[in-house]
Amino acid sequence: MSGRNGLWLVAAVAILLAPGLLLGALVAATIASSSLAGATACATSGFSELLSPFTGGGDAAFTGGGDAMPSAALEADPAAAAKLTVSTLIDGEVVEFTGVQLSNAAHILGAGRAAGLVSRDQIIGVMTAIGESTLRVLDHGDAAGPDSRGLFQQRDNGAWGSYADRMDPQVSAGNFFSALLAVTERAALTPSEAAHRVQGNADPQHYTKYWPAAVAVSETISGRITSLGAGAIVSVGAAAGSASGCGPGSAAAALGTGGAGVSTSVSPSGWASPGSGGLTDTFGNRFHPTELEWRMHNGIDLAAGGCGGQIWAAQAGTVVEAAPDSSGNGTIRIDHGAGVVTKYLHMEADGYLVGVGATVAAGQQIGVTGTSGQSTGCHLHFEVLVEGSRVDPLLFLAERGVGY
Ligand SMILES: [Zn+2]
């Protein structure tokens with residue numbers, strides 16, 4: 001028995017998402033989240049542009065796009081995850097996860113991966129820890145279980161190891177997953193029912209309300225879209241006060257991908273993701289977060305490591321622009337030949353790592369993530385132009401073996 005209804009004590013911004021107020025609530029949620037997180041060192045708000053998973057257009061990217069490997073394990077670096085902030089919805093309330101909470105979630109994914117589990121099982125672990133501890137290593141229990149400790153509120157009954165084990169994110173998660181592995185019929189159960197077999201709550205559906213948030217957190221920190229349910233992401237951005245500052249190379253060092261050469265994987269067709277981290281906005285019409293009006297969004301937005309993260313060339317080509325555009329958006333444009341051009345926006349003045357005329361390889365770092373121009377927080381805005389016309393980068397990349 002380790003479930004605790006009463007432990008859900010996050011100081012969430014209480015915004016009721018009545019359907020008729022949805023749009024206003026989304027905007028308010030981002031503003032509120034920004035003020036909660038405080039400003040980052042190099043972002044106006046610390047949050048990237050709005051993601052609207054509730055609209056038909058935005059949803060398609062999350063549920064219709066599919067996952068090339070629906071069961072493959074997710075992977076996330078705890079240090080890189082700790083630099084992010086994810087605002088999500090639980091029971092209609094906006095709840096923010098950041099810093100140590102996201103690094104704990106990365107440890108949970110790591111323990112699940114080490115146990116040989118698939119992404120759904122890993123996210124069941126994240127869901128359970130959200131429900132038990134809001135992803136914090138609690139050094140206390142509650143009235144129903146005063147001896148419960150840690151991310152999963154494991155009891156002092158011998159089943160969950162020593163006090164130190166129960167207080168260790170990776171070890172306690174490993175013990176949770178060992179117990180989950182023994183639930184051999186779990187694929188036929190709902191995520192909450194599977195977690196219930198391990199945790200033994202009074203209500204088998206206790207964790208159901210945490211599932212969308214668990215998907216949102218797991219997808220964001222791993223940079224993978226899983227098709228395991230629409231993650232209820234309100235916004236994603238760089239965390240406040242990131243430990244190693246907010247300049248070129250800081251996030252790169254945390255991601256362990258620093259240095260020259262190819263920084264990310266390249267598909268067999270020669271294409272690479274232009275940035276790491278979660279997709280935070282899709283191509284199409286959307287409500288502009290600062291201009292407060294409907295506009296066409298000409299590309300996709302990626303978290304791309306937040307302030308100081310890495311921007312990668314999507315395909316081999318020649319740099320034809322490396323300067324701010326007329327609106328102040330730091331811009332790199334690469335001509336790939338055959339009428340295909342890609343654009344990368346929002347670098348700061350010191351964020352250009354290539355100049356006009358440079359020849360680049362697919363996956364090579366060309367820039368540093370920033371928030372110059374029409375941006376509300378450090379992120380990468382990425383566009384694809386075919387014969388001069390903008391196309392949906394998600395579809396374009398998906399056809400070339402690069403998915404989100
Ligand atoms: Zn954008």
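Where is the place of valine 340? In this model, which is a predicted one, valine 340 sits in strand E11, the run of residues 340–345. With 17 C-beta neighbours inside 10 Å, valine 340 counts as partly exposed, because a residue is called buried only from 20 such neighbours upward. Across space, the C-alpha atom of valine 340 is 9.9 Å from that of glutamine 315, and these two residues are 25 positions apart in the sequence.

Let me step back to the whole chain before turning to the helices. The protein has 404 residues, of which 54% count as buried, and its secondary structure comes to 11 helices and 15 strands. If we take the contacts with a separation of 6 or more, 68% of them join residues that are 24 or more positions apart.

Now to the helices, beginning with H4. Helix H4 covers residues 100–114, and its 15 residues should span 21 Å at 1.5 Å a residue, which agrees with the 21 Å that separates its end C-alpha atoms. Of those 15 residues, 13 are buried, so H4 is largely enclosed by the rest of the structure. After H4 comes glycine 116, with a positive phi near 80 degrees.

Two packed helices are described by the angle between their axes and the distance between the axes. For H4 and H5 the angle is about 145 degrees and the axes are 9 Å apart, and the crossing of this pair is right-handed. On the H4 side, the contact is made by Asn104, Ala105, Ile108, Leu109, Gly112 and Arg113, while H5 contributes Asp121, Gln122, Gly125, Val126 and Ala129. Sorted by class, this contact has 5 nonpolar, 4 polar and 2 charged residues.

H5, which runs over residues 119–133, also packs against H8, residues 191–199, and here the angle is about 70 degrees with the axes 10 Å apart. That angle makes H5 roughly perpendicular to H8, and H5 passes H8 in a right-handed crossing. The residues that make this contact are Ile124, Met127 and Thr128 from H5, together with Pro191, Ala194, Ala195 and Gln199 from H8. By class, the contact of H5 with H8 has 5 nonpolar and 2 polar residues, and no charged ones.

What does the loop that follows H5 hold in the way of backbone angles? Threonine 134, in the loop between H5 and helix H6 (163–166), has a positive phi of about 50 degrees although it is not a glycine. With 21 other C-beta atoms within 10 Å, threonine 134 is buried. Glutamine 153 lies in the loop between H5 and H6 as well, and its phi, near 50 degrees, is again a positive value in a residue other than glycine. Glutamine 153 is buried, with 28 other C-beta atoms within 10 Å.

I will finish with helix H9, residues 211–222, whose 12 residues should span 16 Å at 1.5 Å a residue, in agreement with the 16 Å between its end C-alpha atoms. How many of the residues of H9 are buried? The count is 12 of 12, so that H9 is mostly covered, and the buried residues include Trp211, Val215, Glu219 and Ile221. H9 is followed by glycine 223, whose phi is positive, near 70 degrees.

Terms used. Residues numbered from 1 in each chain as written. Predicted model: local features only at pLDDT ≥ 70, side-chain atom pairs only at ≥ 80, totals over all residues. Axes fitted to C-alpha atoms, helices over the stretch in contact; angles between N-to-C directions. Helix = DSSP H or I, 4+ residues; strand = E, 2+ residues; numbered from the N terminus. Parallel < 35°, antiparallel > 145°, perpendicular 65-115°, else oblique. Left-handed = near helix turned anticlockwise from the far one by under 90°. Contact = placed C-beta atoms within 7 Å. Nonpolar A, V, L, I, M, F, W, Y, C, P; charged D, E, K, R; others polar. Expected span 1.5 Å × (residues − 1).
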